[in-house]
Amino acid sequence: MAKEKITGSEALMLALKAEGVKTIFGYPGGSIMPVYDALYDYTRGEKKAFDHILVRHEQAATHAAEGFARVSGDVGVALVTSGPGATNTLTGVADAMLDSTPIVVIAGQVPIAALGTDAFQEVDLVGVAQPISKWSYQIRHAEDIAWAVSRAFYIARSGRPGPVVLDFPKNAQTELVEFEPQHVHSIRSYVAYPKLDMNAVQEAATLIRQAKKPLALVGQGVELGNAQEELRLFLEKGDIPAGRTMLGLSALPSTHPLNVGMLGMHGNYAPNIKEQECDVLIAIGMRFSDRVTGNTKTYAKQAKIIHLDIDHSEIDKCVKADVAVIADCKESLPAITALIEQGNHQEWRDSFKPLQEKEREKVIEPAIHPTEGPLLMGEVVNAVAEATKGDAVLVTDVGQNQLFATRYFKYPKQRSICTSGGLGTMGYGMPAAIGATFGAPERTVCCFMGDGGFQMCIEELGTIMEQQAPVKMILMNNNYLGNVRQWQDMFWKRRKSFTRMKNPCYELIAKGYSIPYQAVVDRKDLTEAVQKMLSTKGPFILECAILEDDDVLPMTPPGMNVDDMMLSISV
């Protein structure tokens, strides 16, 4: 007996439901209207399957999907129209690609009969998205929907995760089809999980057993592979100190005795110095970004390098590995752990302490416990971190706010950081925080933004107002594009070219969106204001007046050796 035929738009609803989707971030338009008509029935009544979050800009739909994915571990979904609606998502697609974030973007398209005619709001989305996505595909007919959606979600979430773009012409949305869900579990040309090479495991274990000064570099791959416990057991058995990349900060609790801090240009002093002293360097789920390595010609030349990664293309791309273990770290870490002996590197670990103390004295204490002058970003972040007792999710925008926030927040729990790493996207913070509130509704979401990034996504206050999304927004206002200003001061003879900003009255803006607001100018009012923000139900904007020339330290200047790290800036 033939099944009842349904439209391609309703088939999309059923395909998304089959993938376990419950939240969609989107913005309607002409070429996606049939899908939105079908969505009407699936967001209410007996058929209700989804919550649809109406964003105010399509770029925000992708960033919200990213925030949702990063804190939940599920695939984020964005739904937009064709033309500018689709092209507005591309920044978020590129961001997700560089940061290995699993999202699926579904965009409307003109009917296939109109393709190539420069029809209204026609853009070759597949062609544009292909270089910056894990897979992009055009669903030309309704009969392809079940297969394409299942394949899209499989590719997005498996192996090294990433963004997938589905281009959905209007004819496929309105055609009738007998829908049967499909479940793609493998693709012949796509090896999501490479087979673990036990010879490489043995070589890695041998180097680790022989090491006198091992150092682990922990990246986001540990979180993406849900291998936090496997990492802990490996480090503890090997007695191996571990630095973390910015995106990998919550892969190992901040308070763990083997955690020696954040790596990179504005990371902690000790791990950056010790990268140039270790004899075995174990990179786990990280890609040796230039912001971590500094000058690769001089980076860790004294060390044997072991690189654990699921993606073969990352091996030897930036730093040559002596041993490459290409596999899911949830599989490779236990295999190595089983072959190493109980380590004892107390003397090596103790050698980090004087460097840590030096940074604490020269940088950290002055940043988080100043006694005079205007507010500093470090003390604001520290005040929020102390008040949330480590239970909050940190979301940041990009710039000094990001660097201070990631340095001084606390990460006792996994999946506790959501920030734009590889692309460095200003305007990411607020929409990503909205997504995070839906991905982890049981947790407090604290979003730190500068005045520049805040104004790049200010329209999303409308989304927050409508959804009453409980985003705690900490606006650190220094009247500058602070990070660029710092570089201009340090490297461009203090020629502040177009970095000072004339800002609006944020209190009036908050009032217009009916969002509770408070400003802090004096540090004596900071603790009480933070408590008020956290105790207020729903969203809150806390504006802090920050010292205009507050600088992020330590810093390794661009292109310099990783251990050429500055603890102060000489004027």
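Reader: How many disulfides does the structure hold?

Author: This is a predicted model, and the structure holds zero disulfides.

Reader: How do you know that Cys 505 is in no disulfide?

Author: The nearest cysteine sulfur, that of Cys 544, is 15 Å away. A disulfide needs two cysteine sulfur atoms within 2.5 Å, so Cys 505 is in no disulfide.

Reader: What makes a bond impossible for the sulfur of Cys 544?

Author: The closest cysteine sulfur, in Cys 446, is 12 Å from that of Cys 544, too far for a bond.

Reader: Why is Cys 505 called partly exposed, and is Cys 544 buried or exposed?

Author: Cys 505 has a relative accessible area of 39%. Partly exposed covers the range between under 20%, which is buried, and over 50%, which is exposed, so Cys 505 is partly exposed. Cys 544 has a relative accessible area of 0%, under the 20% cut-off, and therefore counts as buried.

Reader: What makes His 369 partly exposed, and where does His 369 lie?

Author: The relative accessible area of His 369 is 47%. That value is not over 50% and not under 20%, so His 369 is partly exposed. His 369 lies in the loop between helix 16 (353-368) and helix 17. The C-alpha atoms of His 369 and Val 380 are separated by 9.8 Å, and the two residues are eleven apart along the chain.

Reader: Why is the protein called as compact as a globular protein of that length?

Author: The protein has 24 helices and 20 strands. Its radius of gyration is 24 Å, close to the 25 Å that the globule rule gives for 571 residues, so the protein is as compact as a globular protein of that length. Of the 571 residues, 60% count as buried. Of the contacts with a separation of 6 or more, 77% come from residues 24 or more positions apart.

Reader: Which residues have the most contacts inside the largest nonpolar core?

Author: They are Leu 281, Phe 288, Phe 409, Phe 448 and Ile 474, in a core of 67 residues. Helix 17 gives the most to this core, with seven residues. Another core, of 42 residues, lies apart from it, and Val 35, Leu 79, Ile 139 and Val 164 are among its members.

Reader: Which residues is Leu 281 in contact with, leaving aside its neighbours within four places in sequence?

Author: Among them are Leu 215, Leu 217, Phe 288, Tyr 299 and Ile 306.

Reader: How do you know that the buried residues of helix 24 line one face of the helix?

Author: The buried residues in helix 24 (residues 526-535) are Leu 526, Ala 529, Val 530 and Met 533. Seen down the axis of helix 24, they fall within an arc of 100°, so they line one face. An α-helix has 3.6 residues a turn, so residues three or four places apart point the same way. The face turned away from the buried side carries the exposed residues Thr 527, Glu 528 and Ser 535. The buried residues of helix 24 pack against helix 17 (377-388), strand 18 (471-477), strand 19 (517-520) and strand 20 (540-545).

Reader: Why is helix 22 called mostly covered?

Author: Seven of the ten residues of helix 22 (residues 482-491) are buried, including Gly 482, Arg 485 and Met 490. What covers the buried residues of helix 22 includes helix 18 (400-408). Helix 22 is followed by Lys 493, which has a positive phi, near 55°.

Terms used:
Residues numbered from 1 in each chain as written. Predicted model: local features only at pLDDT ≥ 70, side-chain atom pairs only at ≥ 80, totals over all residues. Heavy atoms only, no water. Buried < 20%, exposed > 50% of the residue type's maximum accessible area, 1.4 Å probe, protein only. Helix = DSSP H or I, 4+ residues; strand = E, 2+ residues; numbered from the N terminus. Arc of directions from axis to C-beta. Contact = heavy atoms within 4.5 Å. Rg over C-alpha atoms; globule rule 2.2 N^0.38 Å. Core = buried A, V, L, I, M, F, W, Y, C linked by side-chain atoms within 4.5 Å.
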